[in-house]
Amino acid sequence: MITSVDFDDRAGDDVDPMSDEEDRKTNRVQQLREDRLLSKAELARRAGVSVLTIDRVERGAQCRLDTKRKIILALGLKVTDRTQVFED
């Protein structure tokens, strides 16, 4: 008998997949990831998010502030360096 259900908090629901083209944001996540020779899967593992989330963020989809923080730290940067990664 199953008494509890574990949910993967890396399911990718921290990005709005329905955001319009005009809502897309410019960022340097892909460039910084590739400069560090990281795969999307490795960055996702380090950040504690899904590979789908990394893919969506790299394509400019909006994401939560917490997701941005996780990605910035996973890239080896400080939160104060956020403008080096994200436009806003």
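This report walks through a predicted model of a single chain, from its overall make-up to a few of its side-chain pairings.

## The chain at a glance

Let us start with the whole chain. The model contains five helices and zero strands. Read from the N terminus, the order of elements is therefore simply α-α-α-α-α, given that helices and strands are numbered from that end.

How much of the chain is buried? Of its 88 residues, 36% count as buried. The chain exposes about 6000 Å², and carbon and sulfur atoms supply 48% of that area. Contacts can also be sorted by how far apart the partners sit in sequence. Taking contacts between residues at least 6 apart, 64% join residues at least 24 apart.

## Where α2 meets α3

Now for a pair of helices. Two packed helices are described by the angle between their axes and the distance between the axes. Here, helix α2 covers residues 40-47 and helix α3 covers residues 51-58. Their axes come within 8 Å and cross at roughly 110 degrees. Because angles of 65 to 115 degrees count as roughly perpendicular, α2 is roughly perpendicular to α3.

Which residues make this meeting? From α2 come K40, A41, L43 and A44, and they meet V51, I54, D55 and E58 of α3. Sorted by class, the contact of α2 with α3 has five nonpolar residues, three charged residues and no polar ones.

## A lysine that is buried

Helix α4 spans residues 65-74, and K68 is found in this helix. Is K68 buried or exposed? Its relative accessible area is 15%, and because buried means under 20%, K68 counts as buried.

What does K68 touch? If its neighbours within four places in sequence are left aside, K68 is in contact with C63, F86 and D88.

## Salt bridges, one pair at a time

How many salt bridges are there? The count comes to nine, and three of them are worth a visit here.

One of these lies within helix α2, where E42 forms a salt bridge with R46 and the closest N and O atoms are 2.9 Å apart. E42 and R46 are four residues apart in α2, so about one helical turn separates them. Both ends of this pair are partly exposed: E42 has a relative accessible area of 23%, and R46 has one of 47%.

Another salt bridge joins the side chains of D55 and R59, at 3.0 Å from N to O. D55 is partly exposed, with a relative accessible area of 22%, and R59 also counts as partly exposed, at 49% relative accessibility. D55 has already appeared above as one of the α3 residues that meet α2.

The side chains of E34 and R33 meet in a salt bridge too, with 3.8 Å from N to O. Here the two partners fall into separate classes: E34 counts as partly exposed at 42% relative accessibility, whereas R33 counts as buried at 7%.

## A linked network

Which residues are tied together by salt bridges into a network? They are R33, E34, K40, D55, E58 and R59. The list brings together both the E34 and R33 pair and the D55 and R59 pair. It also includes K40, a residue of α2 that takes part in the contact with α3, as well as E58, which belongs to the α3 side of that contact.

Notes: Residues numbered from 1 in each chain as written. Predicted model: local features only at pLDDT ≥ 70, side-chain atom pairs only at ≥ 80, totals over all residues. Heavy atoms only, no water. Axes fitted to C-alpha atoms, helices over the stretch in contact; angles between N-to-C directions. Helix = DSSP H or I, 4+ residues; strand = E, 2+ residues; numbered from the N terminus. Parallel < 35°, antiparallel > 145°, perpendicular 65-115°, else oblique. Contact = heavy atoms within 4.5 Å. Nonpolar A, V, L, I, M, F, W, Y, C, P; charged D, E, K, R; others polar. Buried < 20%, exposed > 50% of the residue type's maximum accessible area, 1.4 Å probe, protein only. Salt bridge = Lys/Arg side-chain N within 4 Å of Asp/Glu carboxyl O. Areas by Shrake-Rupley, 256 points an atom, 1.4 Å probe, with all protein chains shown as cover.
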